[in-house]
Amino acid sequence: SKTALIDISADNNNSLGVKTDGMLLCGIEFPAAMTGSAVSFDFSMDNSAFIDVKETDGTDVSYTVSAGDILRVDPSGWAFASNGYIRVTSNGNEAADRKIILHFRHS
């Protein structure tokens, strides 16, 4: 398993890309305060050209923010992203820098 600390900067809503290293996203740990109420994701093979991650019905893959908690993510839905980069997007421009921890596990 591995963790990755990401930052969504103040007055922004996107993190930098995180290399998955062949692992699956299985949890998101939120800070005690978040401006946005939900996060969605982008995917890239090269860490520069990102595309939205969608459900099979075409809606964004999105999780409700649970400030100060860790949110379980079903890793089976992330098998496509086990090679490449993912980026987290808050649905609101953050009022301050936010540190979010992504948890990954082997498939």
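N47 lies in the loop between β4 and β5 (51-52), and N47 has a positive phi of about 65° although this residue is not a glycine. The structure is a predicted model, and the points below take up two such loop residues, then an open sheet of 4 strands, and finally the largest nonpolar core.

**Loop residues with positive phi**

- Most residues other than glycine have a negative phi, and this is the background against which the two residues below can be read.
- N47, with its phi of about 65°, is partly exposed, since its relative accessible area is 33%, a value that falls between the 20% limit for buried and the 50% limit for exposed.
- D21, which is found in the loop between β2 (18-19) and β3, also has a positive phi in a residue other than glycine, with a value near 55°.
- D21 is partly exposed as well, with a relative accessible area of 48%.

**The open sheet and its edge strand β1**

- The 4 strands of the open sheet follow the order β1-β9-β3-β7, and their pairing is antiparallel.
- β1 and β7 (70-72) are the edge strands, each of them pairing on one side only, and from one strand to the next the twist averages 30°.
- Strands of a sheet pair through backbone hydrogen bonds, in either a parallel or an antiparallel sense.
- Between β1 and β9 the pairing is antiparallel and runs over 7 bridges; among the bridge partners, I8 is matched with R98 in β9, and D7 is matched with K99 in β9.
- In a regular strand the side chains alternate between the two faces of the sheet.
- β1 shows such an alternation, with K2, A4, I6 and I8 pointing to one face, where they are buried, while T3, L5 and D7 point to the other face and are not buried.

**The largest nonpolar core**

- The largest nonpolar core holds 24 residues, of which I28, V39, F41, W78 and L102 touch the most other members.
- Two or more residues of this core come from each of the elements β1 (2-8), β3 (24-29), β4 (38-44), β8 (85-90) and β9 (98-105).
- I28, one of the core members that touch the most others, is in contact with V39, F41, Y63, D69, I70, L71, V73, I100, I101 and L102, when residues up to four places away in sequence are not counted.
- V39, F41 and L102, which are among these contacts of I28, are also named among the core residues that touch the most other members.

Conventions:
Residues numbered from 1 in each chain as written. Predicted model: local features only at pLDDT ≥ 70, side-chain atom pairs only at ≥ 80, totals over all residues. Heavy atoms only, no water. Core = buried A, V, L, I, M, F, W, Y, C linked by side-chain atoms within 4.5 Å. Buried < 20%, exposed > 50% of the residue type's maximum accessible area, 1.4 Å probe, protein only. Contact = heavy atoms within 4.5 Å. Pairing = 2+ DSSP bridges. Axes fitted to C-alpha atoms, helices over the stretch in contact; angles between N-to-C directions.
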